[in-house]
Amino acid sequence: SAEGVATEGKQTLKIGMVTDLGSINDKSFNQSAWEALQKLNVAFGYDVKYLEPKSDGEIVPSLLTFVKGNYDLTWATGFTLADAVIQLANENPKSKFGIVDSDIIVPNVAAVSFKEQEGSFLVGVIAGLTTKTNKIGFVGGMKIPVIKRFEAGFREGIKAVNPDAKLIVNYTGVFNRVDVGKSAAATIYNDGADIIFHAAGLTGNGVFNEAKERKTNGENVWVIGVDKDQSLSFGDEITLTSMIKKVDVAVYQVTKSLADGDFPAGKVTTMGLKENGV
């Protein structure tokens with residue numbers, strides 16, 4: 001057993017994870033969840049594996065791979081996987097599922113939801129106090145409730161400290177297109193914004209790419225990162241701050257609770273500032 005922590009039988013847990021249509025190396029959301037499973041592998045010997053569906057049609061087959069492989073728990077990282085999880089959870093009542101960014105109530109599913117608006121309010125305050133142009137941008141992935149919470153909190157945070165600042169919003173419609181994020185950022189910076197907050201997964205990497213080019217050309221522009229501390233990936237010189245969302249903590253705790261016998265199935269675990277979730 002690992003350092004005497006794991007008890008008999010715990011080591012054999014098999015945990016699968018299916019990403020949203022982003023990548024496991026997205027430097028944000030999916031990566032955070034996968035890092036949690038890797039930690040569990042190191043600490044307790046859990047057998048962990050991930051699959052990356054590349055299209056909507058691959059989501060159900062990916063989840064089914066773990067269900068049919070008799071995995072103890074199958075994670076779906078993303079709001080967009082909710083319908084597939086509901087369908088498969090109903091068809092496979094003995095299988096256990098976890099989903100991040102969803103508030104579905106299904107007897108064999110543990111849902112985890114975050115109060116993104118709380119952390120986003122804080123970075124909105126920082127943006128409102130930092131901007132020199134009084135124009136600030138927001139790049140969202142899809143217009144879904146979770147991303148709207150990021151936008152709403154950010155808007156209110158700016159307003160609280162700088163009511164004169166204008167927020168320019170662009171929803172790209174995709175979480176997995178770096179090029180689309182780059183062009184969205186270019187448009188916003190060209191409109192006079194000097195700070196952009198993104199909540200767009202891999203698409204947001206393009207926002208950083210655009211900012212980096214401009215900074216190199218002497219423009220004083222910033223990006224506010226999301227999910228992880230993105231200064232570690234993109235550098236302090238363009239990352240003003242990051243709205244960290246502790247997907248890794250949530251995935252770790254919920255997965256560990258399965259071994260401890262108190263898996264939070266059939267309910268939503270909500271994580272905000274108070275829970276150290278954002």
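Two strands count as paired if DSSP finds at least two bridges between them. With that in hand, here is a friendly walk through this predicted model. Strand β8 (residues 195-199) makes a good starting point: in β8, Ile195 is the bridge partner of Ile136, and in β9 the partner of Ile195 is Trp222. From β8, the chain passes through helix α7 (residues 204-216) to reach β9, in a right-handed β-α-β crossover.

**Strand β8 and its neighbours**

- β8 is mostly covered, with five of its five residues buried.
- Which residues lie on each side of β8? Ile195, Phe197 and Ala199 sit on one side, with Ile196 and His198 on the other, and all of them are buried.
- Strand β6 (residues 135-140) pairs with β8 in the parallel sense, over five bridges.
- β8 and strand β9 (residues 222-227) also run parallel, joined by three bridges.
- In general, strands of a sheet pair through backbone hydrogen bonds, in either a parallel or an antiparallel way.

**Helix α6**

- Does the span of helix α6 (residues 178-190) agree or disagree with its residue count? At 1.5 Å a residue, its 13 residues should span 18 Å, and the end C-alpha atoms are indeed 18 Å apart, so the two agree.
- The buried residues of α6 include Gly181, Ala184, Ala185, Ala186, Ile188 and Tyr189.
- Which elements help to cover the buried residues of α6? Among them are β6, β7 (166-171), β8, α7 and β9.
- An α-helix has 3.6 residues a turn, so residues three or four places apart point the same way.
- Just after α6 comes Gly192, which takes a positive phi of about 105°.

**The six-stranded sheet**

- An open sheet of six strands follows the order β2-β1-β3-β4-β5-β11, with parallel pairing.
- Its edge strands are β2 and β11 (267-271), each of which pairs on one side only.
- On average, neighbouring strands of this sheet are turned by 20° against each other, direction ignored.

**Strand β1 and its partners**

- Strand β1 (residues 14-19) runs parallel to strand β2 (residues 47-51), and five bridges join them.
- Lys49 in β2 is the bridge partner of Gly16.
- To get from β1 to β2, the chain goes through helix α1 (residues 29-44), and this β-α-β crossover is right-handed.
- β1 also runs parallel to strand β3 (residues 73-77), again through five bridges.
- What is the bridge partner of Ile15 in β3? The partner of Ile15 there is Leu73.

How values were computed:
Residues are numbered from 1 along each chain as its sequence is written. This is a predicted model: local features need pLDDT of at least 70, side-chain atom pairs count only at pLDDT 80 or more; totals for chains, interfaces and linings use all residues. Side-chain values use heavy atoms; hydrogens and water are left out. Buried means under 20% relative accessible area, exposed over 50%, partly exposed in between (1.4 Å probe, protein chains only). Helices (H or I, at least four residues) and strands (E, at least two) are DSSP runs, numbered from the N terminus. A crossover is right-handed if, with the strands pointing away from the viewer, the path from the first strand over the helix to the second runs clockwise. The expected span of a helix is 1.5 Å times one less than its number of residues. Contact means heavy atoms within 4.5 Å. Axes are lines fitted to C-alpha atoms, for helices over the stretch in contact, and angles run from 0 to 180 degrees between N-to-C directions.
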